[in-house]
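Grab a pencil and have a look at the sequence and the 3D view. Try each task yourself before you read the solution under it.

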Amino acid sequence: MKTGGRCVMGYGSSRSFSGCGFLRFALIILVVFLALPAMSNGAPLLKVGVLEEPKSLNIWLASDAWSSRVLSEIYQPLFTREPSKLALVPWLAEKDPVYDPANLSYTIYLREAKWSDGTPFTSSDVAFTARLVKEFRVPRFLSNWSFVKEIATPDPRTVIFYLEEPMATFLTRTLTTPIVQEKQWKPIVEYARKKEKSLAALLNQKVDYPVGTGPFRLKEWRQGAYIFLETNPNFFGTGKRIAGRDLGPFIGGIVFKNYGTSDAAILDLKKGSIDIFWWGLQAGYVDDLQKDKNIRIITNEKSGLYYMGFNLRKAPFNDKALRKSVATLIDKDFIVDRILQGFGVKMDTVVPPANRLWCCTEVEKYCEGLNKEQRIKKAFGILSEAGYKWDEPPVDGSGKVVKGKGIRLPDGTPMAAFTILTPPADYDPQRAMVGTMVQEWLREIGMPASAKPMAFGSLTEQVKGRRDFDAFVLGYGKLSLDPDYVRNFFVSANDKPQGWNMSGYNNKEFDRVAEQSVKEMDLEKRRELVMQMQRMVVDDLPYIPLYNPMLLEAVRTDRFTGWVSMVEGVGNTWSFCELKPR
Amino acid sequence: MEIKRYLTRRIIQILVSFFVILTVLFLLFRLAPGDPVSRMIDPSMSPEDAEHLIAQLGLREPIWRQYLVYVKNFFTGDFGYSFHYGRPVLKVIWEKLPNTLLLFTSSIILSALVGIFLGKIAAWNKGKPLDSWMTIGALVTHTVFLPWLALILIWVFAYKLGWFPITGIISEEIWLDPDAGALAKALDVGHHMVLPMATLFCIHFGSYLLIMRSSMLETLKEDYILTARAKGLRESVIRDRHAAPNAALPVVTSVGLSLAFSINGGALTETVFTWPGIGRELVFAVSQNDYPLAQASFLLIALVVLAANLVVDILYAYLDPRIRY
């Protein structure tokens, strides 16, 4: 028996251990695929690279960004925001709502539309959606519907909402929530209703084929690989002009391809295997991608807020003068130019500048136009006036800036060392770096600050749960375009464990204006109240608004044209409805 | 009788170990920072509604009651529903497990075969340049940083040369093509497996080569090898039929344990290659505080590793009678 060159094992057995079979198999696969041409069905499918696949297609459960991306092309709201001015425009509704102040009601007239299974979309679907959310108290949606007292459906294309009290967010949030099909969800609701934990039963319902009214419908989901949404032949917008835009879709569908890392997705974008990587790029990728003539980098503002917060429940952070001095010492130009590499904007208030309707520009700009020496002198002046002393002041007798040492509080006690908590660099290098820079700027005046990166879960638990901290750098990447979060972040009622008022800001005047703002139905009056709230926050500084990074996205230009830019980027329903194959 | 007593003792030990693991896992996730429901709650949600959600997920029960439910559920095979998928945990795991097993078992078996073969050659040529090159090569590939190697392979073979797909398990071009047959789809999966398999192969085969080499060198000193030589057998027969089978035993043990551990995939490999396996799922479950999914995944790993240990113990007890006493 020939055994030379082979490894044989066992007690005298002749089982081969050579591995030649495996190698041969691998070689065959390699050769076959090198010979295979790139296969395509020829349809103009848009290929979208994403980092994760959706966790669920059950819209009531799906809270992750990846599920939202897919579901946003299937389920549609009554009103949506148009891309240029972000104004609300009728979408499943036919025209603007009619407000009746006497009855505190809104009448909505529906467009003639069909679900993706061909059945008509009617007012009872809208009423069913609202009742479902209220009955099951569905998280993330309930707050948009809880104040709706009653819904009447006088005919299939008319819905009347009766509100319990005036609520400004009705237009911006309630009417922009997606509507589900009664036919599909009624049996699920009946099943869940019988369960002891009815909400859990509703959330745990698997939805294989969501029926929607959007421009696309689910064709196939290969778990772990891709999701294919084909064009919905029943889409109400096809061939129509809405908000001054001619809608398709003009593409055969969308394939969402799943990538685990940005690196892999970007390589496939360069290779031409995907048309867009639907995720913000790090600035470091930009130069390389710009060298490719078929790739375009599109820059858009985000509806984000990155800020430094203080714990106002403890000294010395409960001292406004100290917070103002910190705001003065922070060099926002450095943050934007160096840390964000120019891909961001400075923030002076807690509403991002991209949200032009609600952003207040008339607020105090603490460090604007000051160089390092001027910032230190101004901060020194603020603190000195408030009674702070130094063993070695940062500005000497001749007016020269030196390193400050031994800062003392107005009561004479030395300022204790304090910590600025930040997310770790592997989670967000920019926030971690901002923490380090703030530490350095504060040390120049003698404040014993130390930046401390901490695992994100631990950080939020410490800040929001235990509320045991000095200061922190955190951010929101995707704030609602309605500014009601300003109220939620700073109203004193939310100063509680796990509450949204993390700083412990407590201002009765702010509370009063905030409550008034949420009940003000007149847009202009509400706008003035929101401006007033921002001015109070910027004056009191529970948060120091720092920056808002730009959203950088990369798209290929050789297959499709017509990307629509808006806040939060070009990956939006308008783009998918307007893109045309080249 | 001895073997029966030995096995009973080992099974009791394994059951105790498993129970400890069960308890530690439960506590670990509860002690970890973070909140599984925070992402489902928006700022305007009232405290009562947030409480309602927490209660619905069973997180408002006292910790001891949660523990009892957890133990009871485990023994009745009910691992609960994933907080994020909203589906039974076992279903989520079973969907991902075949992908992990396919990739990892094939790569471990392939690397073991090659490692044994090359280890045998290296030991046979001890002190010669071939041995030195093989040993150095094995050390280098075994110690290389896996994500780096994976990215280099992707860059060269997938991006620059275009021979293989960059990531994933299938191509939509083939799977969406109604004319594509089963063979084309199977080959597509094979095509996608080449680079992740090559990465895992590079990382693993070195250790098998080194174990085999060292074991073979010991075996070659045995008297029966001398006897075989004295009988005038050919060198290749002595190497392949007499020395290699016995020298391969430690490698077989190592492969057995590696196969057991392969169930957790290797989050790094699966992430870099976007391989939809259990390793990536595990990382996601831990980072998102998806207690039911994370607990079940870890328990499955613990169960398989303990079972593999038991099998190895049984094998050893049969092979080496001293162990039974």
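Here are four short exercises on this predicted model, each with a worked solution.

**Exercise 1. Get an overview of chain A: how many helices and strands does chain A have, and what share of its residues is buried?**

Step 1: Start with the secondary structure, which comes to 18 helices and 26 strands in chain A.
Step 2: Now for the box around the C-alpha atoms of chain A: along the principal axes, it is roughly 90 × 85 × 55 Å.
Step 3: Chain A has 582 residues, and 48% of them are buried.
Step 4: Finally, take the contacts in chain A between residues at least 6 apart in sequence; 66% of these link residues at least 24 apart.

**Exercise 2. Work out which strand of chain A pairs with strand 7, and in which sense.**

Step 1: Find strand 7 of chain A at residues 105-109.
Step 2: Its partner is strand 9 of chain A, residues 158-163, and the two are antiparallel with 5 bridges.
Step 3: To pin down one bridge, go to S105(A), which is partnered by Y162(A) in strand 9.
Step 4: Strand 9 of chain A is also joined to strand 8 (residues 148-155), again antiparallel and with 5 bridges. Here I151(A) sits opposite F161(A) of strand 9.
Step 5: Look at the link between strands 8 and 9 of chain A: the pair forms a hairpin, with 2 residues in between.

**Exercise 3. Check the length of helix 6 of chain B: what span should its 15 residues have?**

Step 1: Helix 6 of chain B covers residues 146-160.
Step 2: Count 1.5 Å for each residue after the opening one, so the expected span is 21 Å.
Step 3: The end C-alpha atoms of helix 6 of chain B lie 20 Å apart, which agrees with that expectation.
Step 4: Now follow the axis: helix 6 of chain B bends by about 25° at I154(B).
Step 5: I154(B) is also buried, as are A150(B) and A158(B) in this helix.
Step 6: What covers these buried residues? The cover includes helix 8 (262-271) of chain A, plus helix 8 (182-219) and helix 12 (267-272) of chain B.
Step 7: Just past helix 6 of chain B, you'll meet G162(B), with a positive phi of about 70°.

**Exercise 4. Now try helix 9 of chain B: how many of its 8 residues are buried?**

Step 1: Locate helix 9 of chain B at residues 223-230.
Step 2: The count of buried residues is 0, and the helix is hardly covered.
Step 3: Read on past helix 9 of chain B to G232(B), where phi is positive, near 85°.

Terms used:
Residues numbered from 1 in each chain as written. Chains lettered and ligands numbered in written order. Predicted model: local features only at pLDDT ≥ 70, side-chain atom pairs only at ≥ 80, totals over all residues. Helix = DSSP H or I, 4+ residues; strand = E, 2+ residues; numbered from the N terminus. Buried ≥ 20, exposed ≤ 12 C-beta atoms within 10 Å, placed from the backbone. Contact = placed C-beta atoms within 7 Å. Pairing = 2+ DSSP bridges. Expected span 1.5 Å × (residues − 1). Bend = angle between axes of the 7 residues up to and from the residue.
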